[in-house]
Amino acid sequence: MYVLVHRDVHDPLAFWSTAEKAIPAIPQGLQLHQTIPAKDGSCATCLWEADSVQAVKDFLEPALAGKATNRYAEAENREGMAMPSAMP
């Protein structure tokens, strides 16, 4: 499944430094496909591939503790544009 992570970064310098160091430690079973940060580093959206939303959360929360507020959601698709299938 694909997982979106939207984050509001509290301290951009600390967050991005920590994130850069965490990338080589991404566990097997998780794959980071894309990170799209704001120019000033104050927020970002990332696209992950994993078995579950919880698997991504279990890696990111301890790795980036306190440096950002994260919202997690299962993505509808990874490529192109899509409308939410759960909407009426």
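Which pattern does the protein chain follow when read along the sequence? The answer is β-α-β-β-α-β. The model on screen is a predicted one, and this tour goes through it stop by stop.

**The whole chain**

Start with everything selected and coloured by secondary structure. The protein chain has 2 helices and 4 strands. Along the principal axes, its C-alpha atoms fill a box of roughly 40 × 30 × 20 Å. The radius of gyration is 13 Å, which agrees with the value near 12 Å that a compact globule of 88 residues would have. Switch on a surface: the protein chain exposes about 5,900 Å², and carbon and sulfur atoms supply 55% of that area. Buried residues make up 25% of the 88 residues. Of the contacts with a separation of 6 or more, 66% are between residues 24 or more positions apart.

**The sheet**

Now hide the surface and select the strands. The 4 strands form an open sheet in the order S2-S3-S1-S4, with antiparallel pairing. Strand S2 (31-37) and S4 stand at the edges; each has a single partner strand, so one side of each is left without a neighbour in the sheet. Look along the sheet to see the twist, which averages 20° from one strand to the next.

**S1 and its two partners**

Select S1 together with S3. These strands pair in the antiparallel sense over 7 bridges. Show three residues of S1 in turn and find what each one faces in S3:

- His-6 stands opposite Thr-45.
- Asp-8 has Cys-43 as its bridge partner.
- Leu-4 has Leu-47 as its bridge partner.

Then move to S4, which is joined to S1 by 7 bridges and runs antiparallel to it. Here Val-9 has Ala-68 of S4 as its bridge partner.

Stay on S1 and show its side chains. Which residues form the covered face of S1, and which the uncovered one? Val-3, Val-5, Arg-7 and Val-9 are on the covered face. Tyr-2, Leu-4, His-6 and Asp-8 are on the uncovered face.

**S2, S3 and the hairpin**

Next, select S2 and S3. This pair is antiparallel too, with 6 bridges. One of the places to look is Thr-35, whose bridge partner in S3 is Cys-46. Follow the chain from S2 to S3 through the hairpin, which has 5 residues between the strands. Stop at Gly-41, which takes a positive phi near 75°.

**The helices on the sheet**

Bring the helices back into view, keeping the sheet as a cartoon. H2 packs on the sheet and touches S1, S3 and S4. The direction of H2 makes about 165° with that of S4.

Within helix H1, select Leu-13. Is Leu-13 buried or exposed? Leu-13 is exposed, because its relative accessible area is 75%, above the 50% cut-off for that class. For a distance check, pick the C-alpha atoms of Leu-13 and Ser-42: they are 9.5 Å apart in space, while the residues are 29 apart in sequence.

**The nonpolar core**

In soluble globular proteins, nonpolar side chains tend to be buried together. To see the case here, show Val-5, Phe-15, Leu-30, Trp-48, Val-56, Phe-59 and Leu-60 as sticks: these have the most contacts inside the largest nonpolar core, which has 16 residues. At least two residues of this core come from each of strand S1 (2-9), helix H1 (12-22), strand S3 (43-49), helix H2 (53-63) and strand S4 (68-74).

**Last stop: Leu-30**

Zoom in on Leu-30, in the loop between H1 and S2. Why does Leu-30 count as buried? Its relative accessibility is 12%, and the class takes in residues under 20%. Which residues does Leu-30 touch, not counting those up to four places away in sequence? They are Trp-48, Glu-49, Ala-50, Ala-55, Val-56 and Phe-59. Trp-48, Val-56 and Phe-59 are also among the core residues shown at the previous stop. To finish, draw a line from the C-alpha of Leu-30 to that of Asn-77: the distance is 16 Å, with their positions 47 residues apart in sequence counted as separation.

Key. Residues are numbered from 1 along each chain as its sequence is written. This is a predicted model: local features need pLDDT of at least 70, side-chain atom pairs count only at pLDDT 80 or more; totals for chains, interfaces and linings use all residues. Side-chain values use heavy atoms; hydrogens and water are left out. A nonpolar core is a set of buried Ala, Val, Leu, Ile, Met, Phe, Trp, Tyr and Cys residues joined through side-chain atoms within 4.5 Å. Buried means under 20% relative accessible area, exposed over 50%, partly exposed in between (1.4 Å probe, protein chains only). Two strands pair if DSSP finds at least two bridges between them. Axes are lines fitted to C-alpha atoms, for helices over the stretch in contact, and angles run from 0 to 180 degrees between N-to-C directions. Contact means heavy atoms within 4.5 Å. The radius of gyration is taken over C-alpha atoms; the globule rule is 2.2 Å times the number of residues to the power 0.38. Accessible areas come from the Shrake-Rupley method with a 1.4 Å probe; for residues, only the protein chains shown count as cover.
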